[in-house]
Amino acid sequence: MDASLPSGCRFIDLAVRGDERGSLVAIEALADVPFRIERAYFIYGTKPGVERGFHAHRQCAQFAVAVAGSCMMSLDDGSVTAEARLDRPDRGIVIPPMNWHEMRDFSDDCVLLVLADAPYDEGDYIRDRDEFRRLTAR
Ligand code: TYD
């Protein structure tokens, strides 16, 4: 557990199977990420200055890794906030449910791979920051 990150968020280092040909990283459900993978998507070709995310998921857990380039991700569980730099293809971050996240400062070459434990469901999104604050108020 990384004490500086919101609850449940953590970096995961992925094993690199490198040899003289180059590198290979494998991500297996329930071994390298702590959930069954139901969906993968990736964000690339992000225009300069674009910021994405600005939501939390009610139930869905995700794992994000910049397989090329870099970006910044801010995370907020309602009481702890943190800025995470994603800039390695062998190090990703777990975004648990009920974590408001925003991504910015995408490099031109950034490919952000996201693995999720559920199919896409717009109903799982909280896109209103005030609603998120209300739901996470202690
Ligand atoms: P959006 O939620 O706006 O992306 P971000 O959180 O990065 O700002 O998603 C952009 C579009 O892609 C939107 O029309 C919904 C669609 N989408 C899917 O169809 N499936 C998915 O798994 C995701 C993440 C998005």
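## Around the ligand

How far is an oxygen atom of the ligand from an N or O atom in the side chain of Arg39? In this predicted model, the gap is 2.5 Å. Arg52 also reaches the ligand through its side chain, with an N or O atom 2.8 Å from a ligand oxygen. For Arg127, the corresponding distance from side chain to ligand oxygen is 3.1 Å. The ligand on its own has 530 Å² of accessible area, and the protein covers 59% of that.

Here's the full cast around the ligand: Arg39, Tyr41, Ile43, Arg52, Gly53, His55, Tyr120, Tyr125 and Arg127. Sorted by class, that shell comes out as four nonpolar, two polar and three charged residues. Two strands, β2 (39–44) and β3 (52–57), each put at least two residues into the shell.

## Tyr41 and its partner

Tyr41, one of the residues around the ligand, also has a protein partner to look at. Its side chain makes a polar contact of 2.8 Å with the side chain of Gln62. Gln62 sits in strand β4, which covers residues 62–68. Is Gln62 buried or exposed? At 1% relative accessibility, Gln62 counts as buried.

Just past that strand, the loop between β4 and β5 (71–76) holds Gly69. Gly69 is partly exposed, at 25% relative accessibility. Its C-alpha atom is 9.7 Å from that of Tyr44, and the two residues are 25 apart along the chain.

## Aromatic pairs

How many aromatic pairs does a search of the whole structure find? The count is three. One of them is Trp100 with Phe132, a tilted pair with 5.7 Å centre to centre and 45° between the planes. This pair links distant parts of the chain: Trp100 belongs to strand β8 and Phe132 to helix α1 (residues 129–136), with their positions 32 residues apart. Both partners are tucked away, with Trp100 buried at 4% relative accessibility and Phe132 buried at 0%.

Tyr120 and Tyr125 make up another pair, this one edge-to-face, with 5.7 Å centre to centre and 65° between the planes. If you're tracing the ligand shell, you'll recognise both names, as Tyr120 and Tyr125 are among the residues around the ligand. Tyr125 is in strand β10 (residues 125–126) and is buried, with a relative accessible area of 13%. Its C-alpha atom is 5.9 Å from that of Ala56, even though the two residues are 69 apart along the chain.

## Cysteines without a bond

How many disulfides does the structure hold? The answer is zero. Take Cys9 to begin with: the nearest cysteine sulfur belongs to Cys60 and is 13 Å away, leaving Cys9 in no disulfide. Cys9 is also buried, with a relative accessible area of 0%.

Then there's Cys110. Why does its sulfur not bond to the closest cysteine sulfur, in Cys71? The two sulfur atoms are 4.4 Å apart, so they are too far for a bond; the cut-off for a disulfide is 2.5 Å. Cys110 is buried as well, at a relative accessible area of 1%.

## Two residues with positive phi

A couple of backbone angles are worth a look. Phe54 isn't a glycine, yet its phi is positive, at about 60°. Phe54 is found in strand β3, one of the strands that supply the ligand shell. With 31% relative accessibility, Phe54 counts as partly exposed.

Where is Asp105? You'll find it in the loop between β8 (100–104) and β9 (111–116). Its phi is near 55°, again a positive value in a residue other than glycine. Asp105 counts as exposed, at 55% relative accessibility.

Technical notes
Residues numbered from 1 in each chain as written. Predicted model: local features only at pLDDT ≥ 70, side-chain atom pairs only at ≥ 80, totals over all residues. Heavy atoms only, no water. Near = heavy atom within 4 Å. Polar contact = N/O pair within 3.5 Å; in protein donor to acceptor, adjacent residues only side chain to side chain. Areas by Shrake-Rupley, 256 points an atom, 1.4 Å probe, with all protein chains shown as cover. Helix = DSSP H or I, 4+ residues; strand = E, 2+ residues; numbered from the N terminus. Nonpolar A, V, L, I, M, F, W, Y, C, P; charged D, E, K, R; others polar. Buried < 20%, exposed > 50% of the residue type's maximum accessible area, 1.4 Å probe, protein only. Phe/Tyr/Trp six-rings, centres within 6.5 Å; stacked < 30°, edge-to-face > 60°.
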